Amino acid sequence: MDEEIDKLIQKHVLINAIKHNGKAEVGAVVSKIVAEKPELKSSIKEIIESVKKKVEEINSKSIDEQKKILEKEFPEVSLTEEKKKEEKVLPPLPNAELYEKIITRFAPNPDFVIHLGNARPAILSHEYARMYKGKMILRFEDTDPRTKTPMIEAYSLIREDLKWLGIRWDEEYIQSLRIPIYYQIAKELILKGGAYVDESTKQEYEEIVSAGQVHPNRNKSPEDNLELFEKMLSGYYKEGEAVLRVKTDLKYTDKSLIDWVAFRIIDTEKTPHPIVGSKYIVWPTYNFAAGVDDHLMGVTHVIRGKEHKQNTIKQSHLYQYMGWKQPETIHLGRLKLEDFIMSKSQIKRILKESRGLYSGPDDPRFGTIMGLRERGILPEAIRNLILTVGAKSSDASISYVNLASENRKIIDPIAYRIMFVIEPVYLKIDNLKEGCLRTTISYHPDNKSLGSREYEVCNGDIISISRDDYESINNSGTKSLRLMELANFEISGERLVFKSKSVDIARKEKLSIIQWVKKKNSTIASLLIPSKEELKVKYGDIEKVEILESLSGKTIQLIRVGFARVKRVSPSVELVFSHE
């Protein structure tokens, strides 16, 4: 490998390491090198091997040392510029220049909590509103008390999720409290000749359309249809006996677009609404209420899933009749988080049928925002991932590995390092010449502001190490190990026999450096490990440090295990595995 290529490898390893808290990744470095010098593809095997060696060398240094080397060897590299290159910038909104003020909205149906897919339009709507110094609206679309019955608790849970994600809205509306407004617009629409009352059954109407005919009421005068609509409002018709339809183009090949339903009757004595009870029996459909509100609230840009493309067409007829300008619409592709359950209906079914095997909407096996929060994923990681995917119309399948990688970048510099021993094996300290050893262990190798804890280990003290470490070392030829930040020992039966304090000897003999817990300073902890639809539990000993109480709800790093969220510390310590 010539000197020029070696320098190139060193440069990109240093840049990658500094960006990722001192730990470069081979794959990312190789990609950068090949992008800069495509001709090296023919020597990719040799490049990978050289990168591996350089990554191992650079990763062994502190981040301060890495920065000094980069500054000395590659003064032309600006980390500020490198960081700017990686910042996620959304593309401009379509026709944004035509509007004095950009107004976006997030309009969830409060029939359940939101998941990662729902968070995408919420984050994008918020980001665009801030990008253009505009306004974002939160609107609860809850006008279907029968088939998509709102959950009264979902309103507050959705608000909490949005606030946790860092989303701040400027105005809030609940559609079920706006029913009289929709009635008034409906009457105006009827008088403009844009809607009629259909008193036929669903089957009868489908037969009329299939035969290429029009409903008789379609040609009645606006006044006659207004009278029929007033009869709907008065309770003259029962559920299923009448609907109000918006007139559309009769030539649509997609029959669902023809004369779509704007209002239907729902027996709210049988299925009362959680907010307004049985006050109303005539309810607007999604398309009517959303279309009206987008206009009245001045929404300029609607960001929603591509499954709403037909709804955009339907609503265009309402806008034409009323003489309104239709908002710009961005249709997003579906977003899937691999190996996570995200479907609202599926989650609700599971919770109903699982008989307590799932904790609720916050179960870490679900792709809900509550579930991801429970798992220790930070809001910044979700936001970064959403901005990376952007506002594309193509479907996207996200690997949890990618989400975990974003999370690791944020959490690694600030996460306390705590020792946790899974399936502990207990061994007695022996042969300490001075009787005791004292050590100070930092909570973070680089972030000294997190502080440290002190340990005194004496002859006769019981130390626990993991069963995996015990069996691996006990079956090795030397039976020797190094207790992290303490000293070198040899396993002899149920004893840990002191050998030396020397780190150099440990390196020379290539001893395994393992985490450990002093039994007197430990407590039992359980680690929940979500895996697709399974939830495994592992038990072990965790350090009973003074700060443990303050770590409740936070994500920590369990040394040599991975990152985990501290779900609770009392009455027992419960952890939820996040990622490695």
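UniProt positions are given in the numbering used here, feature names are shortened, and annotations may be inferred rather than shown by experiment. With that in mind, the UniProt record places the short sequence motif "'HIGH' region", from an unreviewed entry, at residues 108-118. The structure discussed here is a predicted model. The chain is assigned five stretches, listed as domain 1 to domain 5. The points below move from the annotations to two helices, then to open and enclosed spaces, and finally to individual residues.

**Annotations and domains**

- Over the motif at residues 108-118, the chain is 27% helix and 0% strand. The C-alpha atoms at the two ends of this motif are 8 Å apart.
- A second UniProt annotation, also from an unreviewed entry, reads "domain: Glutamyl/glutaminyl-tRNA synthetase class Ib catalytic" and covers residues 101-411.
- Over residues 101-411, helix accounts for 41% of the chain and strand for 15%. The end C-alpha atoms of this stretch are 36 Å apart.
- The domain assignment gives domain 1 as residues 3-73 and domain 3 as residues 179-284. Domain 2 is written in two parts, 103-175 and 288-332.
- Domain 4 spans residues 336-412, and domain 5 spans residues 415-579.
- The C-alpha centres of domain 1 and domain 2 lie 45 Å apart.

**Helix H9 and its two sides**

- An α-helix has 3.6 residues a turn, so residues three or four places apart point the same way.
- Helix H9 runs over residues 202-210, and its residues Tyr205, Ile208 and Val209 are buried. Seen down the axis of H9, the buried residues fall within an arc of 95°, so they line one face of the helix.
- Gln203 and Ser210, on the other side of H9, are exposed.
- The cover over the buried residues of H9 includes strand S4 (195-198) and strand S5 (243-246).
- Just after H9 comes Gly212, which takes a positive phi of about 75°.

**Helix H17 and its cover**

- In helix H17 (residues 467-474), the residues Asp469, Tyr470 and Ile473 are buried. These residues cover an arc of only 100° around the axis, which puts them on the same side of H17.
- Among the elements that cover the buried residues of H17 are strand S14 (424-430), strand S17 (462-466) and strand S18 (480-483). Strand S19 (487-492) and S21 are also included in this cover.

**A pocket and a cavity**

- The second largest pocket has a volume of about 1,500 Å³. It is lined by 41 residues, and the closest to its centre are Lys23, Asn59, Arg417, Pro445 and Asp446.
- Several elements each supply at least two residues of the lining of the second largest pocket, including helix H3 (44-59), helix H16 (400-411) and strand S15 (436-442). Helix H18 (503-508) and strand S21 (512-514) do so as well.
- The structure holds one cavity of 30 Å³ or more. About 40 Å³ of space lies in the largest cavity.
- The lining of the largest cavity consists of Asp294, Val302, Arg304, Thr312, Gln315, Tyr319, Gln326, Pro327 and Thr329. Strand S8 (301-305) and helix H12 (309-322) are the elements that give two or more residues to this lining.
- H12 provides the largest share of the lining of the largest cavity, with three residues.

**A buried lysine**

- Lys11 lies in helix H1, which spans residues 3-19.
- Lys11 has a relative accessible area of 15%, and it counts as buried because the cut-off is under 20%.
- Leaving aside residues up to four places away in sequence, Lys11 touches Glu36, Leu70, Phe74, Glu76 and Val77.

**Backbone exceptions**

- Most residues other than glycine have a negative phi, and most peptide bonds are trans.
- The peptide bond from Ser570 to Pro571 is cis, with omega near 5°. Pro571 lies in the loop between strand S26 (562-568) and strand S27 (573-579).
- Asp339 is a residue other than glycine with a positive phi, near 70°. Asp339 is placed in the loop between strand S10 (335-337) and helix H13 (344-353).
- Lys510 is likewise a residue other than glycine with a positive phi, near 55°. Lys510 lies in the loop between H18 and S21.
- The relative accessibility of Lys510 is 75%, so this residue counts as exposed.

Key
Residues numbered from 1 in each chain as written. Predicted model: local features only at pLDDT ≥ 70, side-chain atom pairs only at ≥ 80, totals over all residues. Heavy atoms only, no water. Helix = DSSP H or I, 4+ residues; strand = E, 2+ residues; numbered from the N terminus. Domains from an automatic or database assignment. Buried < 20%, exposed > 50% of the residue type's maximum accessible area, 1.4 Å probe, protein only. Arc of directions from axis to C-beta. Contact = heavy atoms within 4.5 Å. 1 Å grid on protein atoms, 1.4 Å probe; cavity = no way out; pocket = protein on both sides within 12 Å on 5 of 7 lines; lining within 4 Å. Points joined across faces, edges and corners; volume = space filled by probe spheres on them.
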